[in-house]
Amino acid sequence: MNIALWIAQGILALAFIMAGSMKTFQYEKAKAGMPWVKDSSQSLVAFIGISELLGGLGLIVPYATGIAPILTPIAAIALGLIMVLAALFHAKRNENSGIGMNIIFLAILLFVAIGRW
């Protein structure tokens with residue numbers, strides 16, 4: 001189970017760090033690749049990006065270092081909340097293709113949160 005959790009954490013961390021970095025530091029690239037970014041303020045996109053970036057780091061660093069390992073499931077729960085809000089946001093905009101990935105990420109994040117609690 002520990003190996004499965006580490007694999008899930010690694011995949012999620014990589015995905016959230018990459019997506020968060022693009023939203024935070026490469027706004028124009030995010031704007032070109034994600035339709036919702038065009039209709040959102042740059043500060044909102046940066047806030048979401050920073051949240052995803054910190055959450056991705058929170059999935060790995062606390063548990064790997066043994067320093068406040070309780071932060072790993074908390075990061076998973078926080079990112080899960082972001083995925084719920086993202087799914088609702090995409091549903092409101094009729095962007096149904098984005099909702100599937102949000103639900104998949106949410107399921108894996110719940111697995112990590114429960115497994116590391």
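This is a short tour of a predicted model, going from helix packing to a pocket and then to single residues.

**Stop 1: H1 against H4**

Select helix H1, residues 2-25, and helix H4, residues 42-65. Their axes are 7 Å apart, and the packing angle is about 150°. That angle makes H1 roughly antiparallel to H4, because angles over 145 degrees count that way. Look along the pair for the handedness: H1 passes H4 in a left-handed crossing. Now colour the residues of this contact by class. Nonpolar residues number 17, polar residues seven and charged residues two.

**Stop 2: H4 against H5**

Keep H4 on screen and add helix H5, residues 71-92. How do the axes of H4 and H5 meet? They come within 7 Å and cross at roughly 155°. H4 and H5 are therefore roughly antiparallel to each other. The crossing of this pair is left-handed.

**Stop 3: H1 against H6**

Hide H4 and H5. Show H1 with helix H6, residues 96-116. The axes of H1 and H6 come within 10 Å. They cross at roughly 135°. That makes H1 oblique to H6. Here, too, the record of the crossing is simple: H1 and H6 cross with left-handed geometry.

**Stop 4: the largest pocket**

Turn on the surface and go to the largest pocket. Its volume is about 760 Å³. The lining takes in 26 residues. To centre the view, select Lys-23, Glu-52, Ala-86, His-90 and Asn-102, the lining residues that lie nearest the pocket centre.

Which elements give two or more residues to this lining? They are H1, helix H3 (35-38), H4, H5 and H6. Select H5 next: with eight residues, H5 gives the most to the lining of the largest pocket. Then colour the whole lining by class. You will find 18 nonpolar residues, five polar ones and three charged ones.

**Stop 5: two loops with positive phi**

Move to the loop between H4 and H5 and pick Ala-68. Its phi is near 55°, a positive value in a residue other than glycine. Ala-68 counts as partly exposed, because its relative accessibility is 35%.

Next, go to the loop between H5 and H6 and pick Asn-94. Phi of Asn-94 is near 60°, again positive in a residue that is not glycine. Is Asn-94 buried or exposed? Asn-94 has 63% relative accessibility, so it counts as exposed; the cut-off for that class is over 50%.

**Stop 6: Trp-6 and Phe-111**

Return to H1 and show the side chain of Trp-6. With a relative accessible area of 28%, Trp-6 is partly exposed. Now show Phe-111 in helix H6. Phe-111 has 32% relative accessibility and counts as partly exposed. Draw a line between the C-alpha atoms of Trp-6 and Phe-111. The separation is 11 Å, for two residues 105 positions apart along the chain.

Stay on Phe-111 and draw a second line, to Gln-42. How far apart are Phe-111 and Gln-42 in space? The distance is 32 Å, C-alpha to C-alpha, with their positions 69 residues apart in sequence.

**Stop 7: Ala-107**

Finish on H6 by selecting Ala-107. At 45% relative accessibility, Ala-107 counts as partly exposed. That value falls in the band from 20% to 50% used for this class. Draw one last line, from Ala-107 to Ala-46. These two are 61 residues apart in sequence, and their C-alpha atoms lie 25 Å apart in space.

Conventions. Residues are numbered from 1 along each chain as its sequence is written. This is a predicted model: local features need pLDDT of at least 70, side-chain atom pairs count only at pLDDT 80 or more; totals for chains, interfaces and linings use all residues. Side-chain values use heavy atoms; hydrogens and water are left out. Axes are lines fitted to C-alpha atoms, for helices over the stretch in contact, and angles run from 0 to 180 degrees between N-to-C directions. Helices (H or I, at least four residues) and strands (E, at least two) are DSSP runs, numbered from the N terminus. Angles under 35 degrees count as roughly parallel, over 145 as roughly antiparallel, 65 to 115 as roughly perpendicular and the rest as oblique. A crossing is left-handed if the near helix is turned anticlockwise from the far one by less than a right angle, and right-handed if clockwise. Ala, Val, Leu, Ile, Met, Phe, Trp, Tyr, Cys and Pro count as nonpolar, Asp, Glu, Lys and Arg as charged, and the others, Gly among them, as polar. On a 1 Å grid over the protein atoms alone, a cavity is a set of points where a 1.4 Å probe fits but cannot get out, and a pocket is an open set with protein on both sides within 12 Å along at least five of seven lines; lining residues have an atom within 4 Å of a point. Grid points are joined across faces, edges and corners, and a volume is the space filled by probe spheres set on the points. Buried means under 20% relative accessible area, exposed over 50%, partly exposed in between (1.4 Å probe, protein chains only).
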